[in-house]
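Student: I should like to work through this protein with its sequence and structure before me. May we proceed by question and answer?

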Amino acid sequence: MRLEDYNPLKNEMYQVLDPTGKIVLEKDIPELDDEQLKYLYKTMLFTRTIDEKALSYQRQGRMLTYAPNLGQEAAQVGSAYSLEKEDWLAPAFRELGAWLVRGVPLKNIYLYWYGNEWGSHMPEGVRVLPISVPIASQMQHATGIGMANNIKNEKNVVLTYVGDGGTSHGDFHEALNFASVFKSPVVFIVQNNQYAISTSRKIQTMSENIALKATAYAMPGILVDGNDIFAMYNATKAAVDRARDGDGPTLIEAYTYRLGAHTTSDDPTKYRDDAEVEEWKKKDPILRFEEYLKGKNLIDDQWIDETKKELEKEVKETFESIEDKSDTVLEDIFKYHYEEMPAQLKDQLDEYKSFLEGGK
Ligand SMILES: Cc1ncc(C[n+]2csc(CCOP(=O)(O)OP(=O)(O)O)c2C)c(N)n1
Ligand SMILES: [Mg+2]
């Protein structure tokens, strides 16, 4: 596919499979073999299983606050699959599918959401930065890594994600501007899931879409059906290839929907209609891909059932292996930012220690 064939200023959206799994652009079916296609499907299913289990553990009081990915699996899995091993991922906090594709072990993911800093300690060779909760801050890191790559003459690409709400932050604009000026090899993905907690995308920006913001920074921008795994894979691959060739960054808007709550502390029924959610359920990215794969006789209901059971078992065993065995050390929360802990951090540490000891 060619990024320039889709003009965000005309609100054109790139799509390969429609919501029923029918091919709308035959020439853009990616050249992936059967095993690769099944791997993509299985990873989307794994993402959903991990989410469903985490929500249930949280409701049972066994897990801390959790941010689900329900409905955004294609946007994450499809995009991350376009990277090579040596490339980097600079995530926000709602990219579970991308972490799995990049080789982050489930154990790490659950440790993180269990409040254990060791969850962010990636295995050797897994080029994934820790989860970044301060909105859009990871985009600066991505641009910086890309600039360092250029200086060192390395050909690695950096993939970074942000939400629709994150595009209102200064960090978003600074990262795009620097990346464009210095031809940093970055692919910026906006997971536009239509909400920033309770703030609707409709009042987040007056731009008709988010992809067109690329125009001001003189880089390609493309609006992609984020629930279409093939469209996400192809568009990101084109952007990754472009970055690797030294042509600089691209902005991709993955048009998707957060089917679940913002986090387990949120109640979306307070700010959006059930009817809207029902409409989006019809565009479920997993069902769409499932229909396509069934049509090719690659999977059937029995295979799906068996795969689900296998994944649920893995999730349960992994969670139980970390539950109540946390070796979280209070100091870990404070000690990694500075070589020597500054006075104000030390005060906070002392205050917290005295709080835990029952003092004030
Ligand atoms: C700098 C900063 N301000 C506020 C917050 C609180 N906060 C956490 S998530 C969020 C909304 C993010 O919305 P969006 O960027 O659309 O991502 P989504 O949660 O939809 O994936 C906010 C305001 C934060 N984490 N960091
Ligand atoms: Mg959002």
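Tutor: The questions below concern a predicted model, and they treat its sheet, a buried helix residue, a metal site and its empty spaces.

Student: In what order do the 6 strands of the open sheet lie?

Tutor: The pairing in this open sheet is parallel. Its edge strands are β1 (13-14) and β2 (88-90), each of which pairs on one side only. Reading from one edge to the other, the order is β1-β7-β8-β4-β3-β2.

Student: How many residues of β4 are buried?

Tutor: The two faces of β4 may be taken in turn, since side chains in a regular strand alternate between the two faces of the sheet. On one side V186, F188, V190 and N192 are buried, and on the other V187, I189 and Q191 are buried as well. β4 is therefore largely enclosed by the rest of the structure, the count of buried residues being 7 of 7.

Student: Which residue stands opposite Q191 of β4?

Tutor: Strand β3 (residues 158-163) runs parallel to β4, and 6 bridges join the two. Within this pairing, the residue opposite Q191 is G163.

Student: Which helix does the chain pass through between β3 and β4, and what is the hand of the crossover?

Tutor: β3 and β4 are parallel strands joined by bridges. The chain leaves β3, passes through α6 (residues 170-181) and enters β4. The helix is thus α6, and the β-α-β crossover is right-handed.

Student: Which residue of β8 is the bridge partner of I189?

Tutor: Strand β8 (residues 250-255) is mostly covered, with 5 of its 6 residues buried. It pairs with β4 (residues 186-192) in the parallel sense over 6 bridges. In that pairing, I189 has as its partner I252.

Student: Which residue of β8 is the bridge partner of D225?

Tutor: Strand β7 (residues 221-225) runs parallel to β8, with 5 bridges between them. One of the bridge pairs is I222 with I252. For D225, the partner in β8 is Y255.

Student: Which helix joins β7 and β8 in a β-α-β unit?

Tutor: β7 and β8 are parallel strands. The β-α-β unit that contains them is right-handed, and its helix, residues 229-244, is α8.

Student: What is the relative accessible area of T236?

Tutor: T236 has its place in helix α8. Setting aside residues up to four places away in sequence, T236 touches S79, S82, L159, V187, I189 and I252. A residue counts as buried under 20% relative accessible area. T236 is buried, because its value is 0%.

Student: What distance separates the C-alpha atoms of T236 and T250?

Tutor: T236 belongs to helix α8. T236 and T250 are 14 residues apart along the chain, and their C-alpha atoms are separated by 8.8 Å.

Student: Which residues are the protein donors of the magnesium ion (ligand 2)?

Tutor: The spacing of the donor residues in sequence is D-x28-N-x1-Y. N193 and Y195 are both buried. The donor atoms lie 2.1 Å from the ion, and they belong to D164 (OD), N193 (OD1) and Y195 (O).

Student: Which helix gives the largest share of the lining of the largest pocket?

Tutor: The largest pocket has a volume of about 440 Å³. Of its 19 lining residues, Y112, I131, S132, V133 and P134 lie nearest its centre. Helices α4 (106-113) and α5 (137-151) each supply at least two lining residues. The largest share, 3 residues, comes from α5.

Student: What is the volume of the largest cavity?

Tutor: Rolling a probe the size of a water molecule over the atoms shows where empty space is left. The structure holds 1 cavity of 30 Å³ or more. Residues that line the largest cavity include W99, V104, N108, I109 and Y112, and the largest share of the lining, 3 residues, comes from α4. The volume of the largest cavity is about 80 Å³.

Terms used. Residues numbered from 1 in each chain as written. Chains lettered and ligands numbered in written order. Predicted model: local features only at pLDDT ≥ 70, side-chain atom pairs only at ≥ 80, totals over all residues. Heavy atoms only, no water. Buried < 20%, exposed > 50% of the residue type's maximum accessible area, 1.4 Å probe, protein only. Helix = DSSP H or I, 4+ residues; strand = E, 2+ residues; numbered from the N terminus. Pairing = 2+ DSSP bridges. Right-handed = clockwise from strand over helix to strand, strands pointing away. Donors = N, O, S within 2.8 Å, 3.2 Å for Na, K, Ca; no water. Contact = heavy atoms within 4.5 Å. 1 Å grid on protein atoms, 1.4 Å probe; cavity = no way out; pocket = protein on both sides within 12 Å on 5 of 7 lines; lining within 4 Å. Points joined across faces, edges and corners; volume = space filled by probe spheres on them.
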